[in-house]
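Q: Could you take me slowly through the main pocket of this protein, and then through a helix that deserves a closer look?

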Amino acid sequence: MKQSLKRILGTILLVGAIVGMIPAMAPCHIIAAERKAKIEKPEKAKKKKSKKKDKKARSENTEITENADSQEKAGKSEKSGKAMSDRYDHISKAEFDKVAKRLGVEVAAIKAVVAIEAGPGMKGFWAPGAPVVNFDASMYSRFKNKVENQKGNKSVKVPSGLSGPHHKAWQRLVNAMHNNEEGAMMGTFWGMFQIGGFNYKKCGCKSVKEFVKRMSESEDEQLELFATFIETSGMVKDLRARNWAGFARQYNGSSYASRGYHTKMASAYAKFKREE
C-alpha cells in the first residue's frame, strides 16, 4: 500500500514537474519570435528606407532630365526665334561677302545701293513676312492689262504687325490686288533694293508670284534677287568700277541726276568703306 502511494505520489510529482515546465517553455518560443521580429523589422525598415531613397533618386533624376530637356527646348526655341528674327532684319557678313565675291564688287558698294534705296534704316521688311513695298499707281496702270491672269484675289490681306504709313502702303497694294493681283504685284517696288515686280524675269523668276514669294522670304533672298537683277541687266560693270552716275542711270532712270542718286551713293560708299 505504501509503495503504491509512493508510486502515485511520484507520478503526481513527475506530472507536476512536467506541467511546471510548460509555462517556462512557452516564453522561449515567444522570445524567439520577438527576437526574429526585431531582426526582421530593422531589415524591412532598411529595405523600405532604401526604396524611398531609390524613389527619391529616380524622382530627382527625372526632374533633372526634364529640366535639361526643357532648357534644351528653350535654347532651340530661342535660337529658332533669333533665326526667324534675323532673316527679316539682318544680312550676315558672310552673305554680303558671298554675293560681293560672286559679282566681283565691294561689299561697301552693295551697301551704298541699300542705303539709298531702303533709307538710313537699310531694312527690307517692315514686319516679319511683310517686305517694304512701294505701290506705284502709274506702273500698275501700265501692266494691269498686260498680265496673263488679270483676276483679283479678294482673300489677300494686309500683313499683321503693320501700323501707320507702313499699313497704308500695304493697304494700297492689297486694294489693287483685290482687282488684279498680278498687275498689282508688277506695279510695285519691293524690298530693300526697291526692285519693280515687272523685273521678275531679270531676277531669275518664272513668274511675278515667285518673285514676290522670294521677296517675302528674307533679306538674304532679297540680296540674291538684286545680284541676279544687276547681272542680267548689265549693271555690274558700273557698280564694280564705282561709276555711280552710270549705275544710277540704269538703276534709277533718267531722272537720277535731279534726285542726286549718284552723289548719294558715292557718299554712302565712302562711309561704309571707312567703317570696314
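A: In this predicted model, the largest share of the lining of the largest pocket comes from α10, which gives 3 residues. The largest pocket itself has a volume of about 510 Å³. It is lined by 25 residues, and those closest to its centre are Phe189, Gln194, Tyr251, Asn252 and Gly253. The elements that give two or more residues to this lining are α3 (107-118), α4 (137-143), β5 (195-196) and α10 (244-252). In chemical character, the lining residues divide into 10 nonpolar, 10 polar and 5 charged.

Two of these elements, α3 and α10, lead on to helix α12, because the buried residues of α12 pack against α3, α10 and α11 (256-259). Helix α12 covers residues 261-275, and at 1.5 Å a residue its 15 residues should span 21 Å, which agrees with its end C-alpha atoms being 21 Å apart. Which residues of α12 are buried? They are Tyr261, Met265, Ala268, Tyr269 and Phe272, where buried means under 20% relative accessible area. Seen down the axis of α12, these buried residues fall within an arc of 105°, and so they line one face of the helix. On the other side of α12, by contrast, Ser267 and Arg274 are exposed. Taken together, α12 has a buried face whose residues pack against α3, α10 and α11, while α3 and α10 also give residues to the lining of the largest pocket.

Key: Residues are numbered from 1 along each chain as its sequence is written. This is a predicted model: local features need pLDDT of at least 70, side-chain atom pairs count only at pLDDT 80 or more; totals for chains, interfaces and linings use all residues. Side-chain values use heavy atoms; hydrogens and water are left out. On a 1 Å grid over the protein atoms alone, a cavity is a set of points where a 1.4 Å probe fits but cannot get out, and a pocket is an open set with protein on both sides within 12 Å along at least five of seven lines; lining residues have an atom within 4 Å of a point. Grid points are joined across faces, edges and corners, and a volume is the space filled by probe spheres set on the points. Helices (H or I, at least four residues) and strands (E, at least two) are DSSP runs, numbered from the N terminus. Ala, Val, Leu, Ile, Met, Phe, Trp, Tyr, Cys and Pro count as nonpolar, Asp, Glu, Lys and Arg as charged, and the others, Gly among them, as polar. The expected span of a helix is 1.5 Å times one less than its number of residues. Buried means under 20% relative accessible area, exposed over 50%, partly exposed in between (1.4 Å probe, protein chains only). The arc is that of the directions from the helix axis to the C-beta atoms. Contact means heavy atoms within 4.5 Å.
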